[in-house]
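Student: I would like to learn how to read a helix and its surroundings. Could we work through a case together?

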Amino acid sequence: MLFLRIFVDIVILIGIFLFPAWIFIILSLIGVFYFHRYYEILLVGLMVDSLYNSHILFSGFFYTITSILIFLISFEIKKRLKFY
Amino acid sequence: MTYLLQSKKNWPKKYAPLIVVGVFIFIVVVITFISPSFLGRVSNSIGLPFWHSGGFLFDKVSDLKAFTSSRFILLETNKSLQAQLTETQIRLLAFSVIEKENSDLKKAWGRSGESKDGSEDGSEDGGKNEVNSILAYVLVKPPQSFYDTLILDVGQDKNINKGSKIIVANTVVLGTIDEVFGKTSRAKLFSSADLETLATIDRNSLPVTLIGKGAGNFEIQVPQEVDIVFGDTIILSGIKQEIVATVFEIESIPSNSFKRVFCKVPVNIDELRFVSIAD
């Protein structure tokens, strides 16, 4: 499981730089629900914002905030899903 | 007497994700306050080798794709491109005449282009507006990049300045340099969502405000009586004829006092490879 997680992390990291956005967004969402406490999604959001957005103080952290919210919401959703 | 063992209080584990998120937010806030461009610099330096190798690989893959395309499709594509090239060359002849006329008029009005040393250019070529520009390779473009930005392979190493314009084919201006890093720079396109750009309709010099809608698209809202038609060229306000967009659709509802004009950049941003950066 750890190796799979590392592999997915590497693919997402490469995807941020090379692949269309929908690929690593879907992988990140799969990762957040498949793996336990997928903290890497926070870094994905931060990296996207720091790479592609201009920051005027704190405006422009849209994807960082979104990834934080997805991360926190995923805990509640996982509690309610029978799968877990 | 037996005593029941107390279960271990596991509240630290339960709240660990919240603590991690809190620490993460704190670190990001502190770093952004201390050095707003630090995260961008780090991300760009991590991304640079990926972008260079990715560009190399994608070029090779697209070459390989040519081998698998059928000959018939290639022949048809070749013919169509030849025809487009001939038509473009003919138009270019007319363009060079108009360009000469434009520079003659500017010279007559005392607005000829400045030479590199800043003095007014009085040369016999009609004061051609030579711009000191740097060629840059586009490492990342929409839709791969978010927020309608371009990542270019030149930065402080090539003396790129913030605010410099991104130009294609010497006439179409796409945006401005937003952030400069060591070896890369980020350009924000005028078509970024909700970005407003002051411009002018070339045909009748009417001022308009372009509102970015992303992916090279703009919207203008003008009163119903404003003279704007399909194909009109929108240029940046100023002496230089820098094209920003062309009109491709007009939505006019008689009951509304305004009509919506949709414009787009005349170049295909998805196929951008090289741009010029000029002050």
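Student: What do the buried residues of α4(A) pack against?

Tutor: First, the terms. Helices (H or I, at least four residues) and strands (E, at least two) are DSSP runs, numbered from the N terminus. A residue is buried if 20 or more other C-beta atoms lie within 10 Å of its own, exposed if 12 or fewer, and partly exposed in between; C-beta atoms are placed from the backbone. Two residues are in contact if their C-beta atoms, placed from the backbone, lie within 7 Å. Now the case: the buried residues of α4(A) pack against α2 (21–34) and α3 (40–52) of chain A, together with α2 of chain B. Those buried residues are A:Tyr63, A:Thr64, A:Ser67 and A:Phe71.

Student: What kind of model is this, and how is it numbered?

Tutor: This is a predicted model: local features need pLDDT of at least 70, side-chain atom pairs count only at pLDDT 80 or more, and totals for chains, interfaces and linings use all residues. Residues are numbered from 1 along each chain as its sequence is written, while chains are lettered from A and ligands numbered from 1 in the order in which they are written.

Student: How do the axes of α4(A) and α2(B) cross?

Tutor: Axes are lines fitted to C-alpha atoms, for helices over the stretch in contact, and angles run from 0 to 180 degrees between N-to-C directions. Under 35 degrees counts as roughly parallel, over 145 as roughly antiparallel, 65 to 115 as roughly perpendicular and the rest as oblique. Here α4 (residues 62–80) of chain A and α2 (residues 16–34) of chain B have axes that come within 11 Å and cross at roughly 175°. The two helices are therefore roughly antiparallel to each other.

Student: Which residues meet there?

Tutor: An α-helix has 3.6 residues a turn, so residues three or four places apart point the same way. In this pair, α4(A) brings A:Thr64, A:Ile68, A:Phe71, A:Leu72 and A:Phe75. From α2(B) come B:Pro17, B:Val21 and B:Val28. The contact has 7 nonpolar residues, 1 polar and no charged. For these classes, Ala, Val, Leu, Ile, Met, Phe, Trp, Tyr, Cys and Pro count as nonpolar, Asp, Glu, Lys and Arg as charged, and the others, Gly among them, as polar.

Student: Where does α4(A) bend?

Tutor: The bend at a residue is the angle between axes fitted to the seven residues ending there and the seven starting there. In α4(A) the bend is about 25°, at A:Ser74. Length is another check: the expected span is 1.5 Å times one less than the number of residues. The 19 residues of α4(A) should span 27 Å, and the end C-alpha atoms are 27 Å apart, which agrees.

Student: How many residues does each chain give to the whole contact?

Tutor: Chain A gives 24 residues and chain B gives 24 residues. On the side of chain B, the elements with two or more residues are α2, α3 (38–68) and β4 (172–180). The most come from α3(B), with 8 residues. By class, this side has 12 nonpolar, 9 polar and 3 charged residues.

Student: What does each chain contain?

Tutor: Chain A has 4 helices and 0 strands, in the pattern α-α-α-α. Its C-alpha trace spans about 40 × 25 × 20 Å along the principal axes. Of the 84 residues in chain A, 32% are buried. Chain B has 4 helices and 12 strands, and 23% of its 279 residues count as buried.

Student: Which residues other than glycine have a positive phi?

Tutor: Most residues other than glycine have a negative phi, and most peptide bonds are trans. Two cases here go the other way, A:Arg37 with phi near 50° and B:Asp194 with about 65°. A:Arg37 is in the loop between α2 and α3 of chain A. It counts as exposed, with 12 C-beta neighbours inside 10 Å. B:Asp194 is in the loop between β5 (185–189) and β6 (196–201) of chain B. With 8 such neighbours, B:Asp194 counts as exposed.

Student: Is B:Gly212 buried or exposed?

Tutor: B:Gly212 is buried, with 21 other C-beta atoms within 10 Å. Its place is in strand β7 (residues 207–214) of chain B. Among the residues that B:Gly212 touches are B:Phe190, B:Asp194 and B:Phe218.
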